[in-house]
Structure formats: C-alpha cells, structure tokens
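User: Could you take a close look at one part of this protein for me? I would like to understand its nonpolar cores and what sits around them.

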Amino acid sequence: MKEKIANILKTVLVLFLAVLVIIMMLEIRKIQGTARVINYAGLVRGATQREVKLEITGTSDDEMIADLDDILNGLKYGNGGYSLVSLPDRTYQNKLDEQISYWNKLKEEILSVRENGYEATDVIAISETYFNMADETVTSAEIYSERVAGTIRVVEILSILDIIMLVLIIIQQTIADIRIKNKNKVLEKKAYVDLQTGLPNKSKCEEMLRSCEYITEPMGFVMFDLNNLKLANDTYGHAVGDQLITNFAKLLRNSIPSKYFVGRYGGDEFIAVITQTTKKEILAIMEDVHSEVKRFNENVHKVEVSYAYGYAFSEDYSECTMKTLFDKADKHMYENKAIEKAKLKVTAQ
C-alpha cells in the first residue's frame, strides 16, 4: 500500500514539475527583451527632452523625431529597426498609448515652435507632461518585469521543492528496495541453511548436485557418515544425538579449510567439496579431520564421535559431473563403513 501511494505521489510530482517547466518557459519568453524595452522607453524620455531643447534653440532635427517615432512604434507593436518586443501587459500598453498620443500632440507643438517661436507656444509645459507620461510608461514596464521575475522565482522555488520531494521519494524507495533485497537474501540464506549445524542444508547440497556440467578442474568429493547416531539416540536420548551431530559438524568445519564447501546432506550424512586439489591434498585434509576428531574424543563425552567416509576424485573419471562424484564417494563411504563394522566384529570375537 505504501509503495502504491509513493508511486502515485511520484507521478503527481513529475506531472507537476512538467507543468512548472512549461510555466517557466512561458514566463521566460515574456521577460525576454523586457530589459531592452525598459532601456529604450527611458531613452525616448530623455531624447524627447533633448529634441525640445534643440527646437527651442532653433536647431531642428527631423531625423531624431523619425527615430523617436520608430522606437515608439517598436515599443507598441514589436517591430521596427530596434528589435523591440511588445510587452503583454495591459497597464503598460495603456500608458504607452497615452504617451504615443501625447507625443503626436508634442510634435504638433514642435511644428508650431518652428513657425512662431517657442515663446508663442506651450512646448515646454507639454514636454514636461510628456516626460511624466514617459516616466510612467517606464515604471509600468519595470513593474511588469518585476512581476514576471517574481513569478519565475516562485516557479523556481516550487520546482526545487518538487525535485527535493521526488529525490526523497526515490531515496526512500531505493532504501526500501535494498531492505527487501536484504530480507530476501536472509530468507534465501535461511532456506539453504541447516538450523541445527549452521551448515548448508540438504536443499543446498542437492542444488549443487543437480548441475549437469562436466567438471573441468581437479575436484574431490567426500561423503561422511556418523557411525553411532542411533546408539546415542537410543541410549541417551535425542538431545545427546543432536549434540553429536552438532559436534561433528563443528569438527568438519574446523578441520576443512573454509574456502571449501561443507554441508549436511541428511540426518547423519555430510559432504565436502574440495576444488582445485590433488588426491594427496584430499588425504591430508582427511588426516586433519581424523586428528580433530581424535582430540575431541580424548575429552570425556557420553558418546565418542565415530564416522565413516569415502571420497572420489574427478580426474579418475571421464565426463565427470558432481552427481558422478557423489555416487562414487557414497559407494566408497559404504565400503569403508562395512570394513569398519567388520573390524569391530572381529574385535568383539
């Protein structure tokens, strides 16, 4: 349920982030060229005052008037030779319309100055009013720019928060996945571990034996069988028998190098797989097992550890598999067990 909610939330956040990106692109598109508009709107304000001063001093400049017409036209419609844009803001457009209308009035007054002299006109007063109008147009453009910039900042903050939440969800899901994988590994390990001895259990042993691949490297397979488990169970009870199995498992694991596989195949049967080895090394390991058991039996125990074993070596057989080695080692183990029984029978007589 939590995973489902997290996935739904993640989808919502991704969609919301996509919307924010679209809004960001639209807002950026709005603000593109705004700085240039503000700059030229301010330039018109100052250039108009310069034009009026020139006219008052009797220096006409029709080229400047034409440039001012072109700039105002560019500010209004986004065309002309100054690469200006038309800001989509109603307040700005209204102020600009008023300014353009008053500019036409100012131009008429300039013509009157040229014909009658500035003393006979209101060109100074009109130019001052026009300056204030131009100033209001610039201010409205700046306010629009700040508003768009503010929207962009809000979108940025929301995008950052959205991304942070997405990252947190992803991290949480990743951690949850890792925990599940670790739990599965633990469960898998438990499924293949003999709880009594801690060794790989019969399922793990059989999984290994199911391999049909031919063995291409020197490998030894050893089969062990406890001789006196039934005696221990019948005489002292299953608790002692269980302890005998646990003791033997520890003896095997202590005497056989940890890099080699040791597993419990059945109730009183154990196997060892010794890779990249020679017969001499296998016999040496078997001697180590014998010495370890002997030292253990020198202490006082209700039941001594006694075992039979048989081994098989891969190089003794052609097209050898793990099952081949198992069968041969098992056969040799029973042969060894029969020999030991015969010895005990002779001793008893």
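Analyst: Happy to help; here is a walk from the overall fold into the cores and then out to a few loop residues. Please keep in mind that this is a predicted model.

Let's begin with the setting. The protein chain is built from 10 helices and four strands. Their order along the sequence is α-α-α-α-α-α-β-α-α-β-β-α-β-α. With a radius of gyration of 48 Å, well over the 20 Å that the globule rule gives for 349 residues, the protein chain is more spread out than a compact globule. The box filled by its C-alpha atoms, taken along the principal axes, is roughly 155 × 45 × 30 Å. Of the 349 residues, 39% count as buried. The protein chain exposes about 20,700 Å², and carbon and sulfur atoms supply 56% of that area.

Now to the cores themselves. As background, nonpolar side chains tend to be buried together in soluble globular proteins. Here, the largest nonpolar core holds 36 residues. I71, L72, L75, Y92, W103, L106 and Y130 are the members with the most contacts inside it. Two or more residues of this core come from each of α1 (2-31), α2 (34-56), α3 (62-77), α4 (90-116) and α5 (123-191). The element that gives the most is α5, with 10 residues.

L75 is a good place to zoom in. Setting aside residues up to four places away in sequence, L75 touches V37, A41, L84, V85, S86, Y92, Q93 and L96. Y92 is worth a second glance in that list, as Y92 is also among the residues with the most contacts inside the core.

There is also a second, separate core, this one of 29 residues, and its members include Y260, I285, V305 and F313. I285 makes a handy entry point: you will find I285 in helix α9 (residues 279-298). Its relative accessible area is 7%, so I285 is buried. Beyond neighbours within four places in sequence, I285 is in contact with I256, P257, Y260 and I274. One of these partners, Y260, is itself named in the second core. The chain also brings I285 and S255 to a C-alpha separation of 7.3 Å, although they are 30 residues apart along the sequence. For the chain overall, among contacts between residues at least 6 apart in sequence, 72% join residues at least 24 apart.

Finally, a look at the loops. Q276 lies in the loop between β3 (269-275) and α9. At 60% relative accessibility, Q276 is over the 50% cut-off and so counts as exposed. Its phi is positive, about 45 degrees, although Q276 is not a glycine. Most residues other than glycine have a negative phi. E319, in the loop between β4 and α10, likewise has a positive phi of about 45 degrees without being a glycine. E319 counts as exposed, with 60% relative accessibility.

T321 is found in the loop between β4 (307-313) and α10 (322-348). Its relative accessibility is 13%, under the 20% cut-off, so T321 counts as buried. Leaving out residues up to four places away in sequence, T321 touches S211, C212, E213, Y214 and I215. The loop between β4 and α10 therefore holds both exposed E319 and buried T321.

Key
Residues are numbered from 1 along each chain as its sequence is written. This is a predicted model: local features need pLDDT of at least 70, side-chain atom pairs count only at pLDDT 80 or more; totals for chains, interfaces and linings use all residues. Side-chain values use heavy atoms; hydrogens and water are left out. The radius of gyration is taken over C-alpha atoms; the globule rule is 2.2 Å times the number of residues to the power 0.38. Buried means under 20% relative accessible area, exposed over 50%, partly exposed in between (1.4 Å probe, protein chains only). Contact means heavy atoms within 4.5 Å. Accessible areas come from the Shrake-Rupley method with a 1.4 Å probe; for residues, only the protein chains shown count as cover. A nonpolar core is a set of buried Ala, Val, Leu, Ile, Met, Phe, Trp, Tyr and Cys residues joined through side-chain atoms within 4.5 Å.
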